[in-house]
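Biologist: I'm new to this one. Could you walk me through how to read it?
Modeller: Sure, let's take it feature by feature.

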Amino acid sequence: MLSIDNYSNHILDNVSFSLKEDEDLIILGENGAGKSTLSKVLSYIIKNESVTLFEKNISKLDDKKRVEYINYIPSNLDIFDEYITVYEFLELCFIDKVEKNKIDEVISLIGIDEIKNRPCKELSSGEQKLLLLASSMIHNAKITIFDELTANMDISRVKEVYTLFKMPYLQQKIIITHNLDLAFHLKYKILYLKEGQVRFFGTSEEFFSKENLDKFYNSSLKIVNNHLVVNL
């Protein structure tokens, strides 16, 4: 269970919501709405006393327990060792002891066997996203926050990510995305931010109603043949 109670800073304004253990969430909003800031508050990258994880205040958790509970996957891969390979990077993602079999399993599942011995610095932006996804599956925190994971991904890879998200390889997920069609098909709960405020929090079915699409996207979107498209 995750909750945040009346959190404000220079970007967010009185943000409150809660998730049950079996609920996944998608965070939507325009650029600058505060989505990434919120994710960093939830994961304690921005320190606070407003977040509760599994009935414990996040500020009271030690580092090991916190990373078991929540993991933040950033929008970009930052590597400070220019020689570290994909496989070596994944070895660093375990909370406890390294399990070689799990690394091999995840590499095979995501389809990155051909790049496992390449330096991370040489990967394309799409390959880096796949590496971040692999790292999250190896870490396997109780809650994983993905910040624009599918940005710069090929369409076929986005479909693969969708399939993985619908399977039980990860526990609870919070996904920040601008891919509204992906959000529409995942059917997770939706939180919509605007100017740092929560303007909607509820079910996918409620959010993607015509009334709310018109309200939040100025009648620029519509649902056609079970897909969200731009209303040209």
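**Reading the sheet**

Modeller: Let's start with the sheet: four strands make an open, antiparallel sheet in the order S2-S1-S4-S5. Its edge strands are S2 (15-19) and S5, each of which pairs on one side only. Keep in mind that this is a predicted model.

Biologist: What do strands of a sheet pair through?

Modeller: In general, they pair through backbone hydrogen bonds, and the pairing can be parallel or antiparallel. Here, take strand S1 (residues 2-7) and strand S4 (residues 51-53): they run antiparallel and share three bridges.

Biologist: Which residue in S4 is the bridge partner of Leu2?

Modeller: That's Leu53.

Biologist: Okay, now the loops. Where is Ser59?

Modeller: Follow the chain out of strand S5 (56-57), and you'll find Ser59 in the loop that leads to helix H2 (63-69). Its side chain makes a polar contact with the side chain of Asn57, at 2.5 Å. If you set aside neighbours within four places in sequence, Ser59 is also in contact with Tyr44, Asn48 and Glu49.

Biologist: And the surface? Which residues form a nonpolar patch there?

Modeller: Look for Leu109, Met167 and Tyr169; together they have about 240 Å² of accessible area. Met167 belongs to the loop between helix H6 (155-166) and strand S8 (172-176).

Biologist: Why is Met167 called partly exposed?

Modeller: The label covers residues between the buried limit, under 20% relative accessible area, and the exposed one, over 50%. Met167 has a relative accessible area of 37%, so it counts as partly exposed.

Notes. Residues numbered from 1 in each chain as written. Predicted model: local features only at pLDDT ≥ 70, side-chain atom pairs only at ≥ 80, totals over all residues. Heavy atoms only, no water. Helix = DSSP H or I, 4+ residues; strand = E, 2+ residues; numbered from the N terminus. Polar contact = N/O pair within 3.5 Å; in protein donor to acceptor, adjacent residues only side chain to side chain. Contact = heavy atoms within 4.5 Å. Patch = residues over 30% accessible without salt bridge, like charges linked within 9 Å, V, L, I, M, F, W, Y side chains within 5 Å. Areas by Shrake-Rupley, 256 points an atom, 1.4 Å probe, with all protein chains shown as cover. Salt bridge = Lys/Arg side-chain N within 4 Å of Asp/Glu carboxyl O. Buried < 20%, exposed > 50% of the residue type's maximum accessible area, 1.4 Å probe, protein only. Pairing = 2+ DSSP bridges.
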